[in-house]
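Colleague: I'd like to go through this model with you and keep asking how you know what you say. Can you pull it up?

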Amino acid sequence: MNKEQAVVQKDVVPARDGARAFDFWVGRWDIHNRRLRERLKGSTEWIEFKATSVARPLLGGMGIEDEYRTDYWSGFIGSAFQFFNPETKQWSIYWVDNRRGALEPPVVGSFTDDVGIFEGVDTFEGQPIRVRYTWSRVTTAKPRWEQAFSSDGGNTWETNWVMDFSRADG
């Protein structure tokens, strides 16, 4: 158990109805990325690159903040913020990076077993879309995150980014 995981274990609200679902995420990660070259254009060409992430608990375990870094884009830094709502029993995930400088609309959802589905509305190239994040394999040493877009209200989805994680801290 690393230092960040120990903080989550010691200083959290009691687990209830998914409030601890992102505990797996605390710590340091090496990431293998696969990203479609073009989104929502029928592209089948994937770009692969490496990244790192460090995730820390917030609000006594009711939130998680992670910092994502990659050299794929020079100087790129992004952060995701996950917050649990005890009334709805759902998580909201927000993204911001140093290229756009704006907090993106959240995706909202929850976990069932080791899979979490989070959806929301956004725009892409000026068009309204639905966004889906899928976290899977979260009870294993190699979790996966996927991003998909839908331009038809959620009838069809295009997975455009896949991240496979492995612990950098042991």
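Modeller: Sure, and let's begin with one pair of residues: Arg132 has Ala148 in β9 as its bridge partner. Keep in mind that this is a predicted model.

Colleague: What makes β8 and β9 a pair of strands?

Modeller: Pairing takes at least two bridges between the strands. β8 and β9 are joined by seven, and they run antiparallel, so they count as a pair by that rule.

Colleague: How do you know that β9 is mostly covered?

Modeller: A residue is buried when its relative accessible area is under 20%. In β9, five of the seven residues are buried. On its other side of the story, β9 pairs with β10 in the antiparallel sense over six bridges, and there Glu146 stands opposite Val162.

Colleague: Which strands does β1 pair with?

Modeller: Ten bridges join β1 to β2, residues 46-58, and the two run antiparallel. Asn33 has Phe49 in β2 as its bridge partner. Seven bridges join β1 to β10, also antiparallel, and in β10 the partner of Asp30 is Ser166.

Colleague: What is the overall make-up of the chain?

Modeller: The protein chain has one helix and ten strands. From the N terminus, the order is α-β-β-β-β-β-β-β-β-β-β.

Colleague: Why is Thr70 called buried?

Modeller: Thr70 has a relative accessible area of 4%, and the cut-off is under 20%, so Thr70 is buried. Thr70 lies in strand β3. Leaving out residues up to four places away in sequence, Thr70 touches Phe49, Lys50, Ala51 and Phe76. The C-alpha atoms of Thr70 and Lys50 are separated by 6.5 Å, with the two residues 20 apart along the chain.

Colleague: How do you know that Thr70 touches Lys50, if the C-alpha atoms are separated by 6.5 Å?

Modeller: Contact means heavy atoms within 4.5 Å, and the 6.5 Å is for the C-alpha atoms. Thr70 is listed as touching Lys50, so some heavy atoms of the two are within 4.5 Å.

Colleague: What about β7: which face is covered and which is uncovered?

Modeller: β7 spans residues 115-124, with Gly116, Phe118, Gly120, Asp122 and Phe124 on the covered face. Val115, Ile117, Glu119, Val121 and Thr123 make up the uncovered face. In a regular strand the side chains alternate between the two faces of the sheet.

Colleague: Which strands does β7 pair with?

Modeller: β7 pairs with β6, residues 107-112, in the antiparallel sense over five bridges, and Gly109 stands opposite Phe118. β7 also pairs with β8, residues 127-136, antiparallel over nine bridges; Val121 has Arg130 as its bridge partner there.

Colleague: And what happens in the turns?

Modeller: The hairpin of β6 and β7 has two residues between the strands, and Asp113 in the turn has a positive phi of about 60 degrees. The hairpin of β7 and β8 also has two residues between its strands, and Glu125 takes a positive phi near 50 degrees.

Colleague: What makes a set of residues a nonpolar core here?

Modeller: The residues must be buried, of the nonpolar kinds, and joined through side-chain atoms within 4.5 Å. The largest such core has 35 residues, and Phe22, Trp25, Tyr68, Phe118, Tyr133, Trp135 and Phe165 are those with the most contacts inside it. Phe165, for one, touches residues including Trp25, Trp29, Ile31, Trp135 and Trp145. In soluble globular proteins, nonpolar side chains tend to be buried together.

Colleague: How much space lies in the largest pocket?

Modeller: About 840 Å³. The lining has 40 residues, and Arg39, Trp95, Glu104, Gln147 and Trp161 lie nearest the centre. β7 gives the most to that lining, with five residues.

Colleague: How do you know which parts of the model deserve caution?

Modeller: pLDDT is the predictor's confidence in each residue, from 0 to 100. The protein chain averages 90, and 89% of the residues score at least 70. Over residues 4-15, though, pLDDT stays under 50, so the predictor's confidence in that stretch is under 50 on the scale from 0 to 100.

Methods
Residues numbered from 1 in each chain as written. Predicted model: local features only at pLDDT ≥ 70, side-chain atom pairs only at ≥ 80, totals over all residues. Heavy atoms only, no water. Buried < 20%, exposed > 50% of the residue type's maximum accessible area, 1.4 Å probe, protein only. Helix = DSSP H or I, 4+ residues; strand = E, 2+ residues; numbered from the N terminus. 1 Å grid on protein atoms, 1.4 Å probe; cavity = no way out; pocket = protein on both sides within 12 Å on 5 of 7 lines; lining within 4 Å. Points joined across faces, edges and corners; volume = space filled by probe spheres on them.
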